[in-house]
Amino acid sequence: MPIQNSPYTAFATLLVSNGHPVSPAELHGLLLGRSCAGSGFEADGWLADAAELLGAEAQDNVRNALVGLQDMVKAELTGDDMAVVLLLPTDDAPLAERAAALGQWCLGFLGGFGLTAGDRALSSEAMEVLQDLTAIAQVQDALEESDDGENDYMEVMEYLRVAPLLLFTECNKPMPSVAKPSLH
């Protein structure tokens, strides 16, 4: 029996009913990307970036959902679980739909990360994660409805639940304090 009221479906319905034909996956990716790159968790910056993707300022109900989404992401990134929950269609959706949403999520993440990180120097591990996300965004049509396709999708999902944490950890390190010269 399909899950009709999944968070993804509910968010998609909210967006479409308010005139925003944007994928919830891309929106979540944008938020997570900008958060991992060090944007912080101030609502105004997030809402401005979301409005650009939405093509307009968000109405109150969409705005409240966006702030709630940000609160969820903040809790995941700053919590102890070491995993992120991706806003994607449920497992009972066709693989092609889930793979397309996964690609949209990666594109949103890369856009949000690039918007915030700019030309910041990153470690080789962080660069590898970004390259992986770029590759994942492009393979969305390669997954076929089969056991192998399902396994590939699940492996990618598991990777994407932890890979952004490496970027968040690297880009949100406290700046080392500079020793002040002693005045003795």
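**Exercise 1. Salt bridges**

Count the salt bridges in this predicted model, and state for the pair of aspartate 49 and arginine 34 which helices are joined.

Solution.
- Step 1. A pair qualifies when a side-chain nitrogen of Lys or Arg is within 4 Å of a carboxyl oxygen of Asp or Glu. By this rule the count comes to three.
- Step 2. In the pair of aspartate 49 and arginine 34, the closest N and O atoms are 2.6 Å apart, so the criterion of within 4 Å is met.
- Step 3. Aspartate 49 belongs to helix α3 (residues 43–54) and arginine 34 to helix α2 (residues 24–36), so this salt bridge ties together parts 15 residues apart in sequence.
- Step 4. Burial requires under 20% relative accessible area. Aspartate 49, at 17%, is buried; arginine 34, at 5%, is buried as well.

**Exercise 2. A pair between α5 and α7**

Describe the salt bridge of glutamate 150 with arginine 98, and decide for each partner whether it is buried, partly exposed or exposed.

Solution.
- Step 1. The N to O distance between the two side chains is 2.4 Å.
- Step 2. Since glutamate 150 lies in helix α7 and arginine 98 in helix α5, the pair links parts that are 52 residues apart in sequence.
- Step 3. Glutamate 150 has a relative accessible area of 24% and is therefore partly exposed. Arginine 98 has 0% relative accessibility and counts as buried.

**Exercise 3. A pair within one helix**

Find what separates glutamate 158 from arginine 161 along helix α7, and classify both residues by accessibility.

Solution.
- Step 1. Glutamate 158 and arginine 161 form a salt bridge, with 3.6 Å between the closest N and O atoms.
- Step 2. The two residues are three apart in helix α7, which means a separation of about one helical turn.
- Step 3. Glutamate 158 is partly exposed at 47% relative accessibility, and arginine 161 is partly exposed at 27%.

**Exercise 4. The surroundings of valine 85**

Locate valine 85 in the chain and list the residues that it touches, leaving out those up to four places away in sequence.

Solution.
- Step 1. Valine 85 sits in the loop between α4 (60–78) and α5 (95–117).
- Step 2. With a relative accessible area of 47%, valine 85 is partly exposed.
- Step 3. With that exclusion, the residues touched by valine 85 are His28, Met72 and Glu76.
- Step 4. Glutamate 158 is 73 residues from valine 85 along the chain, and the C-alpha atoms of the two are separated by 9.8 Å.

**Exercise 5. A charged patch**

Which residues gather in a patch of negative charge on the surface, and where does aspartate 147 lie?

Solution.
- Step 1. The patch consists of Asp147, Asp148, Asp152 and Glu155.
- Step 2. Aspartate 147 is in helix α7, which covers residues 147–171.
- Step 3. Patch members need over 30% relative accessible area and no salt bridge. Aspartate 147 has 64% and is exposed.

**Exercise 6. The whole chain**

Summarise the secondary structure, the burial and the contacts of the protein chain.

Solution.
- Step 1. The chain has seven helices and zero strands, giving the pattern α-α-α-α-α-α-α along the sequence.
- Step 2. Of its 184 residues, 41% count as buried.
- Step 3. The accessible surface is about 10,300 Å², and carbon and sulfur atoms account for 55% of that area.
- Step 4. Taking contacts between residues at least 6 apart in sequence, 75% join residues at least 24 apart.

Terms used: Residues numbered from 1 in each chain as written. Predicted model: local features only at pLDDT ≥ 70, side-chain atom pairs only at ≥ 80, totals over all residues. Heavy atoms only, no water. Patch = residues over 30% accessible without salt bridge, like charges linked within 9 Å, V, L, I, M, F, W, Y side chains within 5 Å. Areas by Shrake-Rupley, 256 points an atom, 1.4 Å probe, with all protein chains shown as cover. Lys, Arg positive; Asp, Glu negative; His and termini not counted. Charge placed at Lys NZ, Arg CZ, Asp CG, Glu CD. Helix = DSSP H or I, 4+ residues; strand = E, 2+ residues; numbered from the N terminus. Buried < 20%, exposed > 50% of the residue type's maximum accessible area, 1.4 Å probe, protein only. Contact = heavy atoms within 4.5 Å.
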